[in-house]
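Please open the model in your viewer and keep the sequence panel visible. The tour below proceeds by selections, each followed by a description of what is found there.

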Amino acid sequence: MTSRTLYLFGSAAPPVFQAAAVIETAQADGWDVCLGLTPTAAQWLDESLDDLTALTGHPVRSEYKLPGEPDVWPKADVILFAPATFNSINSWALGLTSSFVVGVVAEGIGKQIPTVAMPCVNAAYAQHRQLDRSVLELREQGVTVLYGEGGFVPNPPGSGQPKGYPWDLALGAAKQLLDGA
């Protein structure tokens, strides 16, 4: 029986295809995992959503529930948003909550839910000044953002290496946040 719940959120970036392996790793470390996806990430994983639901024991969510509907997930102890795209990071920092996962992490700041984010952007996106502003804003609000040295380092456009995405750093940071809380 697990006693700690990890919300694993992902945007539409190639590392999201590794969700099942990441869930299994987290479960082996004692986490009860709930998977949330941006709408595009859910579309990318459409063929495996039933398997991911079976793996976690919770419905995979990509949309807000209707008012009055019960929450189908246990309360989060930690949120890990990875991979987090340029759009998701900027939307979150600006408080633009049109997607379910961005809404949850934005509200999570106010609820003081320990949260880790690890972007997945190419070097061209990384040149846009808003990304650095958004990363700084999230860090100032208490989010652990694994970006730059010691976290995710952008690759040139078109040369991404999804298998090299540092999932171990992200899961380790989530565990450290809970253990330090």
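A residue is called buried when its relative accessible area is under 20%. The model on display is a predicted one.

**Stop 1: strand β1**

Select residues 4–10, which form strand β1. By the criterion just given, 7 of the 7 residues of β1 are buried, so the strand is mostly covered. Colour the two faces separately: R4, L6, L8 and G10 lie on one side, T5, Y7 and F9 lie on the other, and all of them are buried.

**Stop 2: the sheet around β1**

Now display the strands together. The sheet is open and has 5 strands, arranged in the order β2-β1-β3-β4-β5 with parallel pairing. Its edge strands are β2 (31–37) and β5 (144–145), each of which pairs on one side only.

Move across the sheet, starting from the β2 edge. β1 and β2 are paired in the parallel sense through 7 bridges; to see one of these partnerships, select G10 together with L37 in β2. Continue to β3 and β4, which pair in the parallel sense over 4 bridges. Here F81 has A117 in β4 as its bridge partner. At the other edge, strand β4 (residues 115–119) is joined to β5 by 2 bridges, and these two strands run parallel. A117 appears again at this place, with V145 in β5 as its bridge partner.

**Stop 3: strand β4**

Remain on β4 and show its side chains. Which residues point one way from β4, and which the other way? T115, A117 and P119 point one way, V116 and M118 point the other way, and all are buried. The strand is accordingly described as mostly covered, with 5 of its 5 residues buried.

**Stop 4: the nonpolar core and W92**

Select F9 and W92. These are the residues with the most contacts inside the largest nonpolar core, which has 58 residues. Strand β3 (residues 78–84) gives the most to this core, contributing 6 residues.

Centre the view on W92. Beyond its neighbours within four places in sequence, W92 is in contact with F81, V102, V105, A106, I109, T115, A117, L138 and V143. Two of the residues in this list have been visited already: F81 and A117 are also bridge partners of each other.

**Stop 5: the peptide bond at P83**

Return to β3 and select P83, which lies in that strand. A82 and P83 are joined by a cis peptide bond, with omega at about -10 degrees.

**Stop 6: Q112**

Select Q112, in the loop between α5 (100–111) and β4. Phi of Q112 is near 60 degrees, a positive value in a residue other than glycine. Is Q112 buried or exposed? Q112 is exposed, its relative accessible area being 69%.

**Stop 7: two buried serines**

Select S62 in the loop between α3 and β3. With a relative accessible area of 19%, S62 counts as buried, because the criterion is a value under 20%. Not counting residues up to four places away in sequence, S62 touches L37, T38, P39, A42 and F100. L37 in β2 is also the bridge partner of G10.

Proceed to S134, in helix α7 (residues 129–140). S134 has 0% relative accessibility and is buried. Apart from neighbours within four places in sequence, S134 is in contact with I89, N90 and A93. For a sense of scale, draw a distance from S134 to G36: their C-alpha atoms are separated by 21 Å, and the two residues are 98 apart along the chain.

**Stop 8: helices α1 and α3**

Finally, select helix α1 (residues 19–28) and helix α3 (residues 49–56). Their axes come within 11 Å and cross at roughly 0 degrees. The two helices are therefore roughly parallel, since angles under 35 degrees count as such.

Show the side chains where the helices touch. On the α1 side are A19, A20, I23, E24 and Q27, which meet L52, L55 and T56 in α3. The residues of this contact divide into 5 nonpolar, 2 polar and 1 charged.

Technical notes
Residues are numbered from 1 along each chain as its sequence is written. This is a predicted model: local features need pLDDT of at least 70, side-chain atom pairs count only at pLDDT 80 or more; totals for chains, interfaces and linings use all residues. Side-chain values use heavy atoms; hydrogens and water are left out. Axes are lines fitted to C-alpha atoms, for helices over the stretch in contact, and angles run from 0 to 180 degrees between N-to-C directions. Angles under 35 degrees count as roughly parallel, over 145 as roughly antiparallel, 65 to 115 as roughly perpendicular and the rest as oblique. Contact means heavy atoms within 4.5 Å. Ala, Val, Leu, Ile, Met, Phe, Trp, Tyr, Cys and Pro count as nonpolar, Asp, Glu, Lys and Arg as charged, and the others, Gly among them, as polar. A nonpolar core is a set of buried Ala, Val, Leu, Ile, Met, Phe, Trp, Tyr and Cys residues joined through side-chain atoms within 4.5 Å. Buried means under 20% relative accessible area, exposed over 50%, partly exposed in between (1.4 Å probe, protein chains only). Two strands pair if DSSP finds at least two bridges between them.
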